[in-house]
Amino acid sequence: MRTPSRRLLAALTLTPLLAGCFASGEEGSGASDGSGASGRLRIALAVPPVQALSPYSNDATVLSKLSVAEGLTALDKDGAAAPALAKSWTRKNDTTWVFELREATFQDGTEVTAEAVVGALDHADKAETKPRVLSDVTLTAKADDADTVTLTTKTADPVLPMRLASPALGILSEKAYAADGTVSPVGTGTGPFEITRLTGKTKATLARYDGYWGGKAKASGIDVTWIADGTARANALRGGDVDIAEWIPTAQAKLLDEKTRHEVPSVRTDSLILNTGSGLFADAGLRAAAREAVDGGVLVDSVFGGYADPAQGLFGPAVPWAADRRVEVTGRAKAATPAQLKTETKGKTLRLATYTNRAELPEAATVLQQQLEKAGFTVKQDVREYTQMEADLLAGKYDALVFSRVTLLDTGDAVGYLASDYTADGVYNIAGLKDAKVDQAIKSAAGEGDTTERQKKIMRAEAEILRTDAVVPLVHEKVVQGIADDVEGVILDPRERALVDVDTRLK
């Protein structure tokens, strides 16, 4: 029998560091008097909520990072599906799976039942903006009895248990789902920490949920502050205002004490996404010219301070099987000559976007602007906080985007990322890509049940995507997490889905 997910994640946690003292406050209140008696963790996160922590937005990862909500499954340290709210499962045939639920309760006191699970999954499927993880699958849930759920898919989905570990498919209690389609995780999750208060896009207060099936958390609660500016996050850690600060900018990393700086190999790849649907880069020759003009390798030291590797493709060193299975890219369009580029871009401006939530991206955009202008493009930057520009990105209002993407975020399986970002009907297809060969390659990978063959097909799909020049990979990041030296049990997760759990605490 597989062990619960929190134990499987233990291999990723920090070993004990040096002891110290911490701020305190009344449990669940978020108050602090600096005495260190309460055992509350203070965490600075980078990306403010887009939709009040709705699991159907990018906010979903916050719910998993803070151990608020859980899915039927979790991912272990190797990326395989492990039990969470489901204690076991069986595959009956290519399209049918049966999940047996463990005994658990929601934070509002109601029981986790098969009906509750079916309701939660139905809400996700019917959401106005469907979660990315469901972009390439049709999922139907049915309660067999109080503790048994049967899930069926329209076509074979060999990685369904991994898909169900997505933060976007966290199971919330019935009261989370409003008639207008909004979803609130406040007091409705199943994890060891319960959101008791959400203050706009700036703060959240979490209390320990003592009814958690996996045992009582060692920290009494969590006080979360969203600090979009990376330097400010680093300063908050250095100044003792927070205990954990995620995504420390590389320019700040070496200013941290060695004991508080933790480098994590990441499945995050930074790329230049080109809008193939409209504007300048609807022209394949101009996309090819942009790809030839861009040199992401120079960013490794100049922007990332060595905390990155030159991109080899969409998947980097943190995806260990990718390098040996990489496929040569062929069939690319011929790049526009300088004369052609000058004619075809005359009077037109390349709208280059990026966002401030990751401090390195605006710097990278400036370097890329110089490279593109040297090639003959006229470039204008638009740099804002991500939440202010997501709708415009999805609407195709930019020509190019400097983008940082966790490639295994949604399912732990690369197919989900490829389907949502690069298929014609993908829900996160910022590139606006519509290419039959790409769609077919991703579909072929999605239907493959053998792990080795699936990985080979994923890399063939990568080659098809790169052929279109819809995306120009730049670097594979190494994430730096800032952790005070009197905190232990923080999860160093290459997939950036987990941060604290029942074992995270102040010493």
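These are my notebook entries on what I looked up in this structure, which is a predicted model.

**Entry 1: confidence**

I began with the confidence of the prediction, and I found that the protein averages a pLDDT of 91, with 93% of the residues scoring at least 70. I then looked up where the score is low, and I noted that the pLDDT is below 50 over residues 1-37, although this stretch has 97 contacts in the model beyond near neighbours in sequence.

**Entry 2: the largest pocket**

Next I turned to the pockets, and I wrote down that the largest pocket holds about 760 Å³ of space. Its lining is made of 43 residues, and those closest to its centre are Asn58, Asp59, Arg132, Leu409 and Tyr428. I asked myself which helices and strands each supply at least two residues of this lining. I could list helix H2 (60-65), helix H12 (386-394) and strand S16 (400-406). Sorting the lining of the largest pocket by class, I have 24 nonpolar residues, eight polar residues and eleven charged residues.

**Entry 3: the second largest pocket**

For the second largest pocket I recorded about 570 Å³ of space. I see 26 residues in its lining, of which Asp78, Gly79, Met162, Trp321 and Gly412 are the closest to the centre. Helix H15, which runs over residues 451-467, gives the most to this lining, and its share is four residues. By class, I noted that the lining of the second largest pocket divides into 14 nonpolar, five polar and seven charged residues.

**Entry 4: helix H7**

I then asked how many of the ten residues of helix H7 (residues 284-293) are buried. The number is eight, so I can describe H7 as largely enclosed by the rest of the structure. I wrote the buried residues down as Gly285, Leu286, Arg287, Ala288, Ala289, Ala290, Arg291 and Ala293, and I noticed that two arginines, Arg287 and Arg291, are in this list. When I looked for what covers the buried residues of H7, I found that the cover includes strand S12 (261-274), helix H10 (338-344), helix H11 (360-375) and strand S17 (471-483). At the N-terminal end of H7 I found a cap, for a side-chain oxygen of Asp283 lies 2.8 Å from the backbone nitrogen of Gly285.

**Entry 5: helix H13**

Helix H13 (residues 414-422) is mostly covered, and I noted that nine of its nine residues are buried. Among them I picked out Tyr417, Asp421 and Tyr422, along with Ala414 and Leu418. I also looked up what these buried residues pack against, and I listed S12, S16, helix H14 (436-446), H15 and S17.

**Entry 6: Glu360**

Having met H11 in the cover of H7, I went on to Glu360, whose place is in helix H11. Is Glu360 buried or exposed? Its relative accessibility is 6%, under the 20% cut-off, and therefore I count Glu360 as buried. Leaving out residues up to four places away in sequence, I found that Glu360 touches Ile248, Pro249, Thr250, Val303 and Phe304. With one of these, Thr250, I noted a particular approach, in which the side chain of Glu360 reaches the backbone nitrogen of Thr250 at 2.7 Å. I also compared places in the chain, and Glu360 and Arg268 are 92 residues apart in sequence while their C-alpha atoms are 13 Å apart in space.

**Entry 7: Ala114**

My next residue was Ala114, which lies in helix H3 (residues 114-126). Its relative accessibility is 0%, so I count Ala114 as buried. Apart from its neighbours within four places in sequence, I found Ala114 in contact with Leu101, Ala143, Asp145, Ala146, Asp147, Thr148 and Val149. I noted too that Ala114 and Glu70 are 44 residues apart along the chain, and that 15 Å separates their C-alpha atoms.

**Entry 8: two positive phi angles**

Finally I looked at two loop residues, and I found that the phi of Ala52 is near 55°, a positive value in a residue other than glycine. Ala52 sits in the loop between strand S1 (40-45) and H2, and I count Ala52 as partly exposed because its relative accessibility is 46%. The phi of Ser67 is likewise positive, near 55°, and I placed Ser67 in the loop between H2 and strand S2 (73-75). Here the relative accessibility is 12%, so I count Ser67 as buried.

Terms used
Residues are numbered from 1 along each chain as its sequence is written. This is a predicted model: local features need pLDDT of at least 70, side-chain atom pairs count only at pLDDT 80 or more; totals for chains, interfaces and linings use all residues. Side-chain values use heavy atoms; hydrogens and water are left out. On a 1 Å grid over the protein atoms alone, a cavity is a set of points where a 1.4 Å probe fits but cannot get out, and a pocket is an open set with protein on both sides within 12 Å along at least five of seven lines; lining residues have an atom within 4 Å of a point. Grid points are joined across faces, edges and corners, and a volume is the space filled by probe spheres set on the points. Ala, Val, Leu, Ile, Met, Phe, Trp, Tyr, Cys and Pro count as nonpolar, Asp, Glu, Lys and Arg as charged, and the others, Gly among them, as polar. Buried means under 20% relative accessible area, exposed over 50%, partly exposed in between (1.4 Å probe, protein chains only). Contact means heavy atoms within 4.5 Å. pLDDT is the predictor's confidence in each residue, from 0 to 100. A polar contact is a pair of N or O atoms within 3.5 Å; within protein, one must be able to donate a hydrogen and the other to accept it, and residues adjacent in sequence count only if both atoms are side-chain atoms.
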